[in-house]
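Here are a few short exercises to work through with the model open beside you. Try each task before reading its solution.

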Amino acid sequence: MEVFTKEEREEVQREEMRDLLLDAFDGQSVLFEIYKKRGWLERIFTDKILTMDKDSLYLTSQVAEICETQDYVIKNKRRELLDYINPTVMGDGNSKIYRHNYISVFKLKMIHGLTGEGAEFTLPQLKEVIYGNLAKPSSEVKSDVGNDMLIKLMKKMDQFDTFHEMVKSGEFFDEIKKTAQESVRSYLLENSKDDEVKEQLIETYEKIISPTTTLQEKELLVQELSKLELEYPGQAFTINMYKNLSEERIIRYRQEEREIKVLKIKEEVNRLFEDYENTESEEERGKIREKLQEMMRSNMDLSFEIRLWFSTLGKEKKKKGFFSRLFS
C-alpha cells in the first residue's frame with residue numbers, strides 16, 4: 001500500500017481543487033476568460049484558493065481571508081452581485097447569514113481582482129460584463145455565459161488573438177515598417193536640407209535592426225534618437241517616427257528572446273522529467289529535484305508555468321503524488 005506524506009496529500013488536494021475550478025469555469029465564465037486571455041491565472045489560483053475544501057461553506061470573514069481582503073470589501077461586492085455569486089442564505093431580515101461554497105468564493109476572488117483601486121473595472125462596469133443588457137438580473141441568472149455581452153467580449157478577444165498572431169509572425173511589424181518608411185521617405189524628400197539628420201536617423205535605425213547588435217545596444221541607440229529629437233526640434237516628427245518604429249522592433253526582439261527562453265526551459269523540464277522517470281536511484285532523484293528548485297529560483301517569472309508543466313506531465317503519466325515528490 002502506497003503511503004503519502006502530508007505534503008503529498010496537500011498537493012493532491014490542491015490539484016483536485018484546481019481541476020474542479022477549471023471544470024466549473026474554463027470556457028464557462030466570461031470573468032475567467034479575461035484572466036485566461038491575459039495570462040493572469042496565477043493571480044486567482046493562489047495557495048489559499050487551492051486549499052479550499054470543496055464540501056465546506058465559508059463565512060464572510062473566512063472568504064475575506066481566502067481572497068486576501070477585508071470583510072467589508074466582500075460584503076460590498078456580494079451585495080452588488082448577489083445573484084451571480086449565489087451564496088447560501090440562512091435566516092431572514094437582519095439575521096441573514098451568508099455561507100459560500102468554493103464556487104462562490106472563487107467568483108468573489110475573480111471579482112475582487114478585476115475591481116477596486118487601480119483595477120480595470122468598476123463594479124457597475126463588471127455587472128455589465130456579467131449580465132450584459134439585462135437591466136435587473138433575474139434570481140435564476142447564475143452564470144455569466146450565454147448573453148450578448150459575453151459574445152461581444154469573446155469577439156474582442158478573438159480580435160486580440162488575431163493581432164497577437166500578426167505580432168508573432170512579424171506581419172504587424174512589417175506593415176508598420178513599410179508604412180513608416182514610406183512616410184519618412186516622403187517627408188525627408190520635402191526636407192532635403194536636413195541631410196545630416198537624415199543620415200544619422202538611417203545609420204542609427206540600421207544599427208537597431210541589425211542582428212549583430214545586442215538588445216541592450218539597441219535600447220541605447222533608441223536613447224540616441226531621443227537626443228536627436230532635442231537637438232533638431234524642427235525634425236521632431238520624422239525622428240519620432242523612427243523612434244516609434246525602433247521601439248516596436250525592440251518589443252519584437254524582447255518577445256522573441258522570451259519565447260526562446262521559455263522553449264529552452266520547457267525542453268529542460270521535459271528532459272529532467274524523463275531522467276526522473278528513468279532512474280531508480282534516490283540520490284539521482286535528489287539531484288534532479290535540486291535542479292528543478294534552482295530552475296524555479298532562477299526564473300521566478302516562470303515558476304508558475306514550470307509547476308504547471310510538471311503537473312501536466314505527472315497527470316499524463318497517471319502517477320499520483322509525483323508532482324509533490326519532485327518539489328518536496
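**Exercise 1: two unusual loop residues**

Asn86 sits in the loop that runs between α7 (82-85) and β1 (88-90). Keep in mind that this is a predicted model.

Task: work out what is odd about the phi of Asn86, then do the same for Glu68.

Solution. Start with the background: most residues other than glycine have a negative phi. Asn86 is not a glycine, yet its phi is positive, about 60 degrees. Glu68, also not a glycine, has a positive phi of about 60 degrees. Its place is the loop between α5 (60-66) and α6 (71-80). Next, check exposure. Partly exposed runs between 20% and 50% relative accessible area. Asn86 has 36%, so it is partly exposed, and Glu68, with 47%, is partly exposed too.

**Exercise 2: rings around Phe106**

Task: classify the pairs that Phe106 forms with Phe32 and with Phe45.

Solution. Planes under 30 degrees apart count as stacked, over 60 as edge-to-face and the rest as tilted. Phe32 and Phe106 are 6.5 Å apart centre to centre with 45 degrees between the planes, which makes the pair tilted. Phe32 belongs to helix α2 (residues 30-37) and Phe106 to helix α8 (residues 102-114), so this pair ties together parts 74 residues apart in sequence. Now take Phe45 and Phe106: 5.7 Å between centres and 25 degrees between planes, hence stacked. Here the parts tied together are 61 residues apart, because Phe45 lies in the loop between α3 (41-44) and α4 (47-50). Both Phe45 and Phe106 are buried. Last step: ring pairs link Phe25, Phe32, Phe45 and Phe106 into a cluster.

How values were computed: Residues numbered from 1 in each chain as written. Predicted model: local features only at pLDDT ≥ 70, side-chain atom pairs only at ≥ 80, totals over all residues. Heavy atoms only, no water. Helix = DSSP H or I, 4+ residues; strand = E, 2+ residues; numbered from the N terminus. Buried < 20%, exposed > 50% of the residue type's maximum accessible area, 1.4 Å probe, protein only. Phe/Tyr/Trp six-rings, centres within 6.5 Å; stacked < 30°, edge-to-face > 60°.
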